Structures are given as C-alpha cells and as structure tokens.
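Visitor: I am new to reading protein models. Could you walk me through one, feature by feature?

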Amino acid sequence: MSLSEILATAVASIGGAPREGQQTMAAEVAKTLRNGGLTLVQAGTGTGKSLGYLIPAFASLREGIDRVVVSTATLALQRQILTKDAPIAAEAVAAHTDVVPRVALLKGWHHYLCLHKLHGGYPDEGDTLFSDAPASQLGEEVLRVREWAKQTETGDRDDLSPGVRDQVWRQVSVQRQECLAQRCPLLEECFASLARTKANEADVVVTNHTLLGIHAAGDTPVLPDFDALIVDEAHDLESRVRSAGALRFSGAIGRTIAGRASREVSGGTLEEAVHALADALEVTPSGRVVRTSAQLSDAAVLLQAACREASEALRARDGDDGGKAQARAAVHDLTTLAHRILGEDLATGADVCWIERGRDESEAPVLQVAPLDVATQIAHGLLQDRAAVLTSATLNLGGSFEAAAASVGAPLVGSWRGIDVGSPFDYAKQGILYVAADVPAPGREGVSDEAFDVFAELVHAAGGRTLALFSSRRGVERAAERLRVSVDTPVLVQGEGQLNELVETFLAQEEASLLGTLSLWQGVDAPGDTCRLVVIDRIPFPRPDDPLIQARNDAVRSRGGNPFMAVSATHAALLLAQGSGRLIRRSSDRGVVAVLDPRLATARYGGFLRASMPGMWPTTTREHALAALRRLGAETEARDH
C-alpha cells in the first residue's frame, strides 16, 4: 500500500480527499525520514499539515525509525494532534501495514500535578499571598484543584478546565530540579514519571518547543532518545528555545527563591546577597547592560559565594525530603544567575543582559539575561545526525527560506532543502490586500488620525466582522476610542477582559470587532463571516531600543551584513505573514486585509514584505476595498433573508 493510498484512506475517514499540497508534503516528509537530512516545508493554511507529516512518520516506523518526536508551539495544535489527527493517521497506517503506532504526550515537570506536594511533602509556598485576586477566589481554585486531583488520570494542568492562576498551580506542582525522582514516596503514582514512562515506550512523542529548548541545552536530557524530529509551527522555534534559555530576576523574585533555600539552611547570607543584587539593579539604568557595573559585579560575586556556602550546608544536612530538594533547586537557580552575570558569555556578547522598569519606568527593575544566538544550540542539540522536518505556513519570507534556515542553524548541519507545497486557497480571488497609501506614515506618536479615520470607515463598511492588529497598547486604545463613536456594532478590546473570553465572544458574535496587540497576530482562527476584515495598523518592525534587537543588529553588522533587512525587516515579514493569514481560513472565506501604513506600498523594502504575505489582489485605492466589503455585506444580508 503506497503512502498516497494511506493518506487517502485517512482523509476519507473525515469526509474529504487529499489536497495536492498535502500529498506533496507527505512525500517530501517520507523522503526526509528515509534519507535523513533537514527539510523546511512551507504549507499554507488549510493544507492539512498534521496528517501530511503524521502519516509518513507512522509509516516510517517499519523502515528503521524507532522513535519520532513531534513538537508544536501552541496548546491548540497539540490537542488537535492528540485527540484528532494522530488517531486518524494511526488507524489508516494500521489498516494497511503491520504498524500500530503508540503515541504519547510529554511536557515539562511543572505542567503535572505533584501528589507528594499536594499531600504536604513540600513546604507551603505562600505565593498566593502576593496575588491581586481575592482570597476567597484563590481558595475556591485551590479546592477545585484538590477535587480534580482525585479524578484526573493525567495530572496535566491543561486538562483542568477552567484553569487556575499560576500562584495556585505553584501550590501543587514542582520544577524539574525540585523533584525527588526515585526518592519520592509516591513515585509509582507520579504523573510526571508516568508520562515519561509512556514516552519511553512510545513510537511517537508529542511535545512542545520549550521542552525542545531545554533538551537542546544538553545539561540533562528531558526527552527519550529519538531518530527523527518534526517541528510544526516552526516559525516560533527560535524564540521559544531562546525563552527556555533566558533568566529573569527582580528583588521580589530573589526574595521568594532565597526564602525557599533559607527554610533549610540557617543564616541570612543568601538573603543579604539577594538584597545586595536588588540594590545594584536599582541604580543600574534601564536598557541593555553591555558592561556590568562594579556594584552589579560585586553583588553577583557575593551571591556566588553565598550560594556555595548554602550548597555546602545542604550537603551536610541529613535526609532528602521535599524541603531540601526545593532549597537545592533555589540555590541552583541563584548560582546560575550569578554565573550568567559574571560569565564570559556576557562579556563576549553570547548572552544579552538588560534592565526593564515597565512601560513608564515606574516599576521595580527586572534583570533579564537571554542567549543571543540559539541557532547553534538548535543545530547541534536537535537537528544534527537525525532526520528533521520543520514546517509552518510562514517559512518562506520575501521569497526565500534563507532567514528561516539561518534562525535554526541549518547551514551548520550540512545540506538542507526548502520546499513550498502551496496553499489550497486562491488568495488572489478570495482576498484583497489594501494598503492605505494616501495617509501619513506612522511617526513617533504612532498612527495618524487620518489612518484611524480610514480604519473606522473600513469597519463600518464591513459591518464589524473585523480583527484589528496593533503594534502597541496605545494604538489599541486610540483605535477603540475612535471606533466606538463611529460604528454601532460591538467593539471588543484586549485588556477589557480575559483574552480567551474575548476571542470566544468575537467568534460567537459575527458583527463584533476585536482589537488587540501581538498576542492576537497568531493563533486566532475565525473562519466564515466572523472575520471579513483584518486591519494592521503599521508595519510591525521591532522596537529599535529592544536590547535583543540591538544585539542582533550589532552581530549582523560585525559580519558585514545589513541589520535592517536581516533583523527588522525579517521580523516584520514574519508577523505580517502571520497577521494577514488570519483572514482566509477556508476555501469559502473572502475579505480584505487592510494595512494602514503607506510604506508597505512605497518603501524600497515593501516588495520584500509583500512577498511574505498571502498573494491577495493588491490595491491602494480605498474605494476598491470599501466596495468589496459592502458587496460582501449585501450578499450575507441577502443570504440570511
């Protein structure tokens, strides 16, 4: 039985037929799994990527592949794979071959309920004391978690619905370094341990990009051995791996961590060192820290010495219970922080360090440390010496896979291929890309009043049904203020309610408009008449004062490259591709993507950015966009009546 026949069987089971792009993708994934190497596959929305890689992955299990790891960035896709796509693919493969694939889900330790902690095996965190939520509400959530613990078979936080606050979950979960592992009296019932046992026995392990990043760091493998890797939503891999390697410290965070250690070791040396580091942050200016000040270095040296003293005290302490494990993890975290501040990586630029004080500089300082380049880590820790497929709807930026390949270190693993299997949608007939070329370009104060007037006119013509994506919170607030005096359809605004609830309301109320910032640029799936208009306020270039962007610019410049195109334009291209991709989600969808930034049409780099977006019919004539929206509204009204 051929791969195409197995794919046809799987798709037929859900009432469809394989699309050309899906068939091409399955064949290319099978080739990579058979021959090895790295392949980047761009597959447009609606291609059916999950079945396109799961079926060849399952089929490869009879051809020398012992285990495949599949990683996603979002919970929604992970659930879709586990509950829908993997069972369909497994049934189709099993029906035509002798392979019966075993699939397991694996997440980080803190995602799982810790029964030992729930039953008092660890000291009380007390984190709920610092929550803004009413004590009664937090108490209700704690009780709900305890009741859920009696029923759950997975202990997976994501299976708890409705969810609970981080402060509450902290009361019943542990980090990897805090786990007692083989010494735990409840090991046989441990949800995290059971999940790892299942993963070790599985043929295909479904996980997330963050866990991939931890595994790639190489300190302690957190995934079972695997022969092949498939990364979905691969456009997010670099940022998730970087986040996994980042550290964050403030006075409040430090006091909490030091408090966990001090419950088990006597003396206040650790608290004094944390206090000294917090004081050093107070006098350190906001922004990138290129060279550590004498006070910051001295505080880090003091913290390093205090951590050594605490480690020795813990080693001398008898027993090995939850409190000691928690203290050991706390000392490890603080030791790592001191090392990152004093280490060579910061001096050489391999680490980027900066201080944040909130939007208006009024908040307590927060120290952030993140690796500048994770491409080498991804290449050597994840891709090298195994077959790997990275897929997304947005890997081909400006007509090239080069930027996406460089971000994951593809050149370091030898040869690689980039393949675009196309899209099942006819973007040129289904959508219009309107660029408001007759309004002023955004300036330091943001988008112009003229652009907001165009925004209101477009939303009125669409009858609501708008997803509006803004690059700043201030832009959202101004747009909402302008829109609410211009239209009589519902206006939903990020920040005026829980985001997931706002999205659910937007999906349920066809005439609603949803306005938000970067968290809405990806992941919102609103097919049909709910989303007829996507508005983007400006080209989403990164902030020039972003420390990571500054460091990346410096690195590109030192190699003789063009920092603007390599960093800022590529960043904007990815977000534009993701944001504009919210419009067409199925073959019957039609509508307009409106960009209120004339530079997309007039600037020299505009062609690169437009080439990264879906190939919709382009126009700079406002009336063309308005007429199309009115026509779609009239058709909907006629159909409904």
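**Cores, strands and helices**

Guide: This model is predicted. Start with Leu-383. Leaving aside residues up to four places away in sequence, Leu-383 touches Leu-38, Leu-229, Ile-378, Ala-388, Leu-390, Val-408 and Val-413.

Visitor: Which residues touch the most other members of the largest nonpolar core?

Guide: Leu-383 is one of them, along with Leu-113, Leu-229 and Leu-390. That core holds 57 residues. Another core lies apart from it. This other core has 37 residues, including Ala-10, Ala-26, Ile-81 and Val-206.

Visitor: Now strands. How many residues of strand 10 are buried?

Guide: Begin with the general idea. In a regular strand, side chains alternate between the two faces of the sheet. Now the case here. Strand 10 covers residues 387-392, and 6 of the 6 are buried, so the rest of the structure largely encloses this strand. Take the faces in turn. Ala-387, Val-389 and Thr-391 are buried on one side. Ala-388, Leu-390 and Ser-392 are buried on the other.

Visitor: Which strands pair with strand 10?

Guide: Strand 1 (residues 38-42) pairs with strand 10 in the parallel sense, over 5 bridges. There, Thr-39 stands opposite Val-389. Strand 5 (residues 228-231) also runs parallel to strand 10, joined by 4 bridges. In that pair, Val-231 stands opposite Leu-390.

Visitor: Where are the edges of the open sheet with order 6-9-8-7?

Guide: First read the order. This open sheet has 4 strands, in the order 6-9-8-7, with antiparallel pairing. Its edge strands are strand 6 (247-249) and strand 7 (287-288), and each pairs on one side only. Strand 6 meets strand 9 (residues 366-371) over 3 antiparallel bridges. Leu-247 stands opposite Val-369 of strand 9.

Visitor: Is Arg-340 buried or exposed?

Guide: Compare its relative accessible area with the cut-off. Buried means under 20%. Arg-340 has 15%, so this residue is buried. Arg-340 sits in helix 14 (residues 322-342).

Visitor: What does Arg-340 touch?

Guide: Again leave out residues up to four places away in sequence. Arg-340 then touches Gly-245, Leu-247, Leu-346, Asp-351, Val-369, Ala-370 and Pro-371. Two of these names came up before: Leu-247 and Val-369 stand opposite each other. The side chain of Arg-340 also reaches the backbone oxygen of Gly-245, at 2.9 Å.

Visitor: How do I read a helix? Where does helix 4 bend?

Guide: Check its length, then its axis. Helix 4 (residues 75-96) has 22 residues. From first C-alpha to last, helix 4 reaches 31 Å, close to the expected 32 Å. Its axis bends by about 45 degrees at Ile-81. Ile-81 is also a member of the 37-residue core.

Visitor: What covers the buried residues of helix 4?

Guide: List the buried ones before asking. Among them are Leu-77, Gln-78, Ile-81, Asp-85 and Val-93. Their cover includes helix 1 (3-12), helix 3 (49-59), strand 2 (68-72), strand 3 (103-105) and strand 4 (204-208).

Visitor: Helix 1 contains Glu-5. What is the exposure of Glu-5?

Guide: Use relative accessibility again. Partly exposed lies between 20% and 50%. Glu-5 has 40%, so this residue counts as partly exposed. Its side chain reaches the backbone nitrogen of Ser-2 at 2.9 Å.

Visitor: How far is Glu-5 from Met-565?

Guide: Keep two separations in mind: along the chain, and through space. Glu-5 and Met-565 are 560 residues apart along the chain. Their C-alpha atoms are separated by 44 Å.

Definitions and conventions
Residues numbered from 1 in each chain as written. Predicted model: local features only at pLDDT ≥ 70, side-chain atom pairs only at ≥ 80, totals over all residues. Heavy atoms only, no water. Helix = DSSP H or I, 4+ residues; strand = E, 2+ residues; numbered from the N terminus. Expected span 1.5 Å × (residues − 1). Bend = angle between axes of the 7 residues up to and from the residue. Buried < 20%, exposed > 50% of the residue type's maximum accessible area, 1.4 Å probe, protein only. Contact = heavy atoms within 4.5 Å. Polar contact = N/O pair within 3.5 Å; in protein donor to acceptor, adjacent residues only side chain to side chain. Pairing = 2+ DSSP bridges. Core = buried A, V, L, I, M, F, W, Y, C linked by side-chain atoms within 4.5 Å.
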